[in-house]
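Dear colleague,

I am handing over a structure that you have not worked with before, and I would be grateful if you read the notes below with the model open beside them.

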Amino acid sequence: MGETEWIKQAVRACIADQLPEDDKIKLFKELGHQYTLFTAKGKGLIAKTIKEQFAGNDSIYLYSVFLRYMGNKDFAKQVLDLMLEGAFDVYTGTMLEVQVFRYMQNFKWYYSNIRNLHRKNIDAFQQILQIEDTYIKPENRNRKRIVLVTEHILSSAHAPTKIVSTIASILQKLGYEILLFLCPCDDVLPEDLWFQVYQMNSLPMIVKMPLRLYYKDQEIVGYQINMYQRNMKEYHMMLSIIRAWNPMFVFDLGTINPVVDLVNRFTTLVALEMSVLCPVSEGDILVRLGREEEALEQEYAAALLEHQTQLFMEENIPVLVDEACRTCPREELGLPEERFLIAIVGNRLDLDIDDAFITIMGTILERLPNADFVMIGEVSGLESKLAEGIYKERVYFLGYLKNLMEAYGSLDLYLNPIRYGGGFSSAMALIAGLPVVTLPNCDVAYNVGDEFVVPDVDEMIQIVERYATDQVFYQEKKTLARSYQEINTDAKMEAYVKKLLDEVYRLIDSREENDAGL
């Protein structure tokens with residue numbers, strides 16, 4: 001197949017609305033395989049042809065379909081270039097950035113490009129909002145005030161919500177005044193610009209009133225500003241309030257919304273990504289929860305601006321989980337008795353579980369006749385992929401579970417796909433006594449430690465087989481998993497927040513001294 005014919009078939013597949021999903025999956029699988037056979041020159045010709053022969057928005061749509069079904073990182077680079085060249089309004093630009101976040105496994109190698117897209121959206125917000133940029137020196141700020149900004153607050157089962165609630169309550173307990181703002185990217189993109197648009201959820205009941213969170217013995221009050229055009233006045237008001245309130249710094253906890261970066265014009269912005277990835281932020285201090293592979297760390301370092309510093313936390317952020325009051329019986333969950341049940345958990349399993357991981361699953365099922373897989377979370381489009389062959393009747397789909405800990409009690413093992421995310425659910429699994437199997441350089445590996453990390457796919461398959469067949473080994477690992485709760489306590493979390501604060505204040509003060517020429 002030549003490059004031109006490949007493009008024709010790929011475009012036909014993209015617009016074949018009547019084609020059954022199973023057939024579309026198979027077609028794109030073959031197209032993805034054919035793409036890998038092209039030389040670098042051939043791949044370049046495909047990219048050049050798509051860019052020149054299609055309107056910019058149409059090209060972006062095509063690549064969004066390619067990413068959904070083929071997931072090649074070449075497509076990520078090409079669509080990023082188109083996003084950077086496009087003349088989009090601030091809402092469209094920001095929601096395109098959200099799509100990048102969704103497919104971060106494909107985009108991660110282009111951190112500099114992602115930063116450029118983020119900066120483009122920040123500048124677009126500034127053009128509209130015209131935020132005053134007179135910088136307030138740290139010596140003139142209130143050292144006992146901190147503003148927290150996050151993408152959204154959902155429920156106690158939502159890992160970022162749990163982290164934000166915990167940090168906010170500890171800060172208040174330590175005597176700090178807190179302001180919390182939620183800035184969800186919950187706008188929409190035109191259907192002809194992106195395939196299966198992803199948006200950040202928000203709570204509709206707090207659009208016109210404050211959010212009140214109750215965690216431990218603390219009440220935390222927050223305000224949500226949705227991403228609608230009529231809310232530009234609210235964004236301006238939020239930034240004006242932050243400036244007038246004069247905090248020591250603004251702590252950005254996993255926010256995509258570029259409007260948050262405008263606080264950097266008048267105060268210190270500290271950014272923490274809810275994963276081991278480097279934050280996509282113009283913030284002064286980028287808090288890192290872990291390190292990626294060396295090549296990616298070099299990409300991060302090369303993209304840092306002169307005023308930016310990475311703060312690597314040596315200790316893992318503790319995970320606080322309440323133990324389950326009961327174990328949900330397998331019969332209640334619709335699961336078979338006397339089977340070795342392997343859990344795969346996530347909010348984006350249709351993206352996390354690609355063809356390569358499905359092959360891993362198939363190999364495990366072939367080697368372990370007594371094993372089945374249990375999918376927990378949203379799995380749009382995944383059920384049809386796993387409805388035939390060896391997967392048939394050996395993969396169970398439980399959907400979203402409100403009480404994950406209760407379900408964990410009926411399962412045997414937690415297996416992590418190749419992805420970002422899953423850190424919180426894997427920590428919960430350990431606390432529930434489920435051993436975890438994961439590859440390195442991901443959020444799960446960061447959370448569970450070396451005892452549950454394997455170096456490669458072959459080792460992953462072998463260790464799953466050993467868990468299912470070696471009871472002595474399994475019980476040893478199960479005991480080790482349960483001990484995880486001993487190092488994840490309220491006291492540990494408070495100590496972690498104190499150390500983080502000390503480091504942030506030290507960096508702010510040292511920079512002030514350097515600027516003063518001391």
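At what angle do helix α8 and helix α11 pack, and how far apart are their axes? In this model, which is predicted, helix α8 (residues 111-129) packs against helix α11 (residues 294-303) at about 35 degrees, and their axes are 9 Å apart. On the α8 side the contact is made by Tyr111, Ser112 and Arg115, while α11 brings Glu299, Tyr300 and Ala303 to it. Sorted by class, the residues of this contact are 3 nonpolar, 1 polar and 2 charged.

Next comes the sheet. It is an open sheet of 8 strands, which follow one another in the order β3-β4-β2-β1-β5-β6-β7-β8, and the pairing is mixed. Because β3 (211-215) and β8 (309-312) stand at the edges and each has a single partner strand, one side of each is left without a neighbour in the sheet. From one strand to the next, the twist averages 25 degrees. Helix α10 (residues 232-245) packs on the sheet, where it touches β1, β2 and β5, and its direction makes about 165 degrees with that of β2.

Strand β1 (residues 142-150) can be followed to both of its partners. It runs parallel to strand β5 (residues 247-253), to which it is joined by 6 bridges, and in this pairing Val149 stands opposite Asp252. With strand β2 (residues 177-182), β1 also pairs in the parallel sense, over 6 bridges, and here Thr150 is found opposite Leu182. At the β3 edge the sense is antiparallel, since 5 bridges of that kind link β3 to strand β4 (residues 218-224); among the residues involved, Leu213 has Ile220 of β4 as its bridge partner.

At the other edge, Thr309 lies in strand β8. Is this residue buried, exposed or partly exposed? Thr309 has a relative accessibility of 26%, and it therefore counts as partly exposed, a class that lies between the 20% limit for buried residues and the 50% limit for exposed ones. Its C-alpha atom is separated by 5.0 Å from that of Ile285, although the two residues are 24 apart along the chain. If neighbours within four places in sequence are left aside, Thr309 is in contact with Asp284, Ile285, Leu286, Leu507 and Arg511.

Finally, there are the cavities, of which the structure holds 2 with a volume of 30 Å³ or more. The largest has a volume of about 50 Å³, and its lining consists of Ile167, Leu171, Phe249, Phe251, Val497, Leu500, Leu501 and Val504. At least two residues of this lining are supplied by each of α9 (159-173), β5 and α21 (490-515), and α21 gives the largest share, with 4 residues. By class, the lining of the largest cavity has 8 nonpolar residues, no polar and no charged ones.

Which residues line the second largest cavity? They are Ile25, Arg68, Tyr69, Asp355 and Lys385, and the volume that they line is about 30 Å³. By class, this lining has 2 nonpolar, no polar and 3 charged residues, whereas the lining of the largest cavity has no charged residues.

With kind regards

Conventions: Residues are numbered from 1 along each chain as its sequence is written. This is a predicted model: local features need pLDDT of at least 70, side-chain atom pairs count only at pLDDT 80 or more; totals for chains, interfaces and linings use all residues. Side-chain values use heavy atoms; hydrogens and water are left out. Two strands pair if DSSP finds at least two bridges between them. Axes are lines fitted to C-alpha atoms, for helices over the stretch in contact, and angles run from 0 to 180 degrees between N-to-C directions. Contact means heavy atoms within 4.5 Å. Ala, Val, Leu, Ile, Met, Phe, Trp, Tyr, Cys and Pro count as nonpolar, Asp, Glu, Lys and Arg as charged, and the others, Gly among them, as polar. On a 1 Å grid over the protein atoms alone, a cavity is a set of points where a 1.4 Å probe fits but cannot get out, and a pocket is an open set with protein on both sides within 12 Å along at least five of seven lines; lining residues have an atom within 4 Å of a point. Grid points are joined across faces, edges and corners, and a volume is the space filled by probe spheres set on the points. Buried means under 20% relative accessible area, exposed over 50%, partly exposed in between (1.4 Å probe, protein chains only).
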